[in-house]
Amino acid sequence: MNARLALAAFSAALLSCGGGSSTARLSSPAQAGAGGASGTFSTDPRDKAAPVDRTLSFYYGPMKLMTAEAILYSVASFTGHSFGTFDFTAPDPAARAFADAGNTAGTMYRHCPFFGGCMEHRIPLGRTSFMGTGWVLELERAVVEACNDRAAFQMLPGNRAPDATTLAVDVVRHQFMRAFGAQPTDADLQVAMAYMQSHLAAPELTGVTPLESAGRGLCRALLTTNRFLLY
Amino acid sequence: MARGLHWHRGMSVRSITVLLVLAAALPARGETADELIRKYLEQRGTSAQQAKHSELVRRYAIDLTGVIPAEADLTALEGKTPRELFAWFKAKGPMPHTRGERPYVWVNLLLDADHFLFSNSTQFTQVRFIREFNGELRKLYADGASYEAFARWALESQNFLSRFPSGADRSNAAFFLFLGRHSLPAEVPAGNMWNGWVLRNAAISSGQAETNADYHVYVYQASACATSLCTARLWSKTGSTPKEAIDLMLASTMFAEGTVDRYWQRLVGRPLPGNDFPDVRRELVRGFVQSGWNVNWLVEEIATSAAYTQEMMFR
């Protein structure tokens, strides 16, 4: 239970801190006189009096939600778990060729349509760019499946079960680097280590070392953050 | 940066005509889309702020290969420019998830399938046709084939004719696929121009459409126009054959603009603000046509511009 609470707190902290260097730019348009004579602007369509600063279109780079396929293949790449694959040119969707293409135990197609992906030629469900309840629940299922796959170790340093020489901080650094392409900041490290310590004291998984259990828990947390899903 | 007019294998006389029309409509300044965006930002008293290296590497990796970057990528790409990052990920060889395909090609085919094959407006079901269509799309990314030639092939293909049996359906689908818009009531009569295209063997019943491949073969028969109207006007120009309908569509600036908009949305994640910054779209359209309708040029131009390489609003 402690581990679950720590996971929730850790996820919240990740969502609220992150990289954070762009905040200062929010004031730039007004400083540059974007709002006309008053020097203020509003993006609220109800505020007819204030001009909308459309220059904001070019102020920031993209912020996109990964496609369903990118999420699943990235989770697979991060963990070493295989969801299988899919082929939208498969001749007979009714034969579940999509679910099992390339992997007889594949779950790719079972997860993918919930995220608005893996289109096939009979039942297009449509891409989605928002995370509804069903979307999040399915993501959790996929992430748990991958992070808790006892045969997959890529989320752990050296692609193997941690031994006596492996430190919790190594697991944290390894996972941040792979998930976000960057080392954790001090703030990241602080919340992640707090999570690891609480998890080590009360491991969630049985049959594995406490550190492996904590590493798999951290994996579940990182792969469900905005920082991982948005790019 | 001034750029000369180069002859490409994919350029037709019509391409040159479109290019000349566009060139006449634009002031001669030769700034790239990236330079225009940076200029806009400077006019607002600020400048483009490039995303952190790790953010940029991740963005290119996901957009060009469909997965987060590998550890080896992160190490090898330290200090590289956006254009070098783009080239690195575009050149990646087949990866486990791409079924033997280059990731850059795979990821673009995947997203194209959403638009061309499985959108609400298309919903192709014939596996043979899906593979054929996919094969033609593949040439765009793997070989840099002309997008205009692809559009012409698609609109004339038996696949397209079979999926949209009436002229009105064909014009609706064509507007959606290639002009980036659903048809307006005034444009629907353009479907009349497709009316001369009829099934080669009318004796095959429609019940055999799924099983008899000959059912889907369409041919143009001028005599069919004796019983149905084949003349229509599209943007003040009159035509009376399917070829003229296609020519009018592909000669319209909406064709190139719609394509630019689609790739912009794909990479930047929001619409190109054309009304407020018309020069950016015009420049991309001009360069796209000038490149021989090469979508790889368009993808690179957008993905290395300041609109793409700047930092994300929220991390």
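This passage walks through a predicted model of two chains, A and B, from the overall picture down to single residues.

A few ground rules come first. Residues are numbered from 1 along each chain as its sequence is written, while chains are lettered from A and ligands numbered from 1 in the order in which they are written. Because the model is predicted, local features need a pLDDT of at least 70 and side-chain atom pairs count only at pLDDT 80 or more, whereas totals for chains, interfaces and linings use all residues.

How confident is the predictor? For the complex, the predictor gives an ipTM of 0.87 and a pTM of 0.85. The average pLDDT of chain B (pLDDT being the predictor's confidence in each residue, from 0 to 100) is 87, and 89% of the residues score at least 70. Residues 1-10 of chain B are another story, with a pLDDT below 50; beyond near neighbours in sequence, this stretch has 14 contacts in the model. Here, two residues are in contact if their C-beta atoms, placed from the backbone, lie within 7 Å.

Next comes the general build of chain A. Chain A has 10 helices and zero strands; both kinds of element are DSSP runs numbered from the N terminus, with helices being H or I over at least four residues and strands being E over at least two. Read from the N terminus, the elements go α-α-α-α-α-α-α-α-α-α. Of the 231 residues in chain A, 40% are buried. A residue is called buried if 20 or more other C-beta atoms lie within 10 Å of its own, exposed if 12 or fewer, and partly exposed in between, with C-beta atoms placed from the backbone. Looking at contacts in chain A between residues at least 6 apart in sequence, 56% join residues at least 24 apart.

Chain B brings 15 helices and four strands. Buried residues account for 42% of its 315 residues. Among the contacts in chain B with a separation of 6 or more, 67% come from residues 24 or more positions apart.

Where do the chains meet? In the model, 44 residues of chain A are in contact with 50 residues of chain B. On the side of chain A that touches chain B, helix 2 (28-31), helix 3 (68-79) and helix 7 (168-180) of chain A each supply at least two residues. Helix 3 of chain A gives the most to that side, with six residues. By class, the residues of the side of chain A that touches chain B are 19 nonpolar, 16 polar and nine charged. Ala, Val, Leu, Ile, Met, Phe, Trp, Tyr, Cys and Pro count as nonpolar, Asp, Glu, Lys and Arg as charged, and the others, Gly among them, as polar.

Helix 7 of chain A also packs within its own chain. Its axis and that of helix 8 (residues 186-201) of chain A come within 10 Å and cross at roughly 130 degrees. Axes are lines fitted to C-alpha atoms, for helices over the stretch in contact, and angles run from 0 to 180 degrees between N-to-C directions. That crossing makes helix 7 of chain A oblique to helix 8 of chain A, given that angles under 35 degrees count as roughly parallel, over 145 as roughly antiparallel, 65 to 115 as roughly perpendicular and the rest as oblique. Ala168(A), Val169(A), Val172(A) and Phe176(A) of helix 7 of chain A meet residues of helix 8 of chain A including Asp188(A), Leu189(A) and Leu200(A). The tally for this contact is nine nonpolar, no polar and one charged residues.

In chain B, the axes of helix 12 (residues 253-268) and helix 14 (residues 295-303) come within 10 Å and cross at roughly 45 degrees, so these two helices of chain B are oblique as well. Among the residues making the contact are Trp264(B) of helix 12 and Ile302(B) of helix 14 of chain B. This contact of helix 12 with helix 14 of chain B has 10 nonpolar, no polar and no charged residues.

Finally, some single residues. Trp293(B) sits in the loop between helix 13 (278-290) and helix 14 of chain B. Its phi is near 55 degrees, a positive value in a residue other than glycine. Trp293(B) counts as buried, with 28 C-beta neighbours inside 10 Å. Cys118(A), in the loop between helix 5 (108-111) and helix 6 (133-147) of chain A, has a positive phi near 50 degrees. Cys118(A) is buried, with 24 other C-beta atoms within 10 Å. Pro96(B), by contrast, is exposed, with 12 other C-beta atoms within 10 Å.
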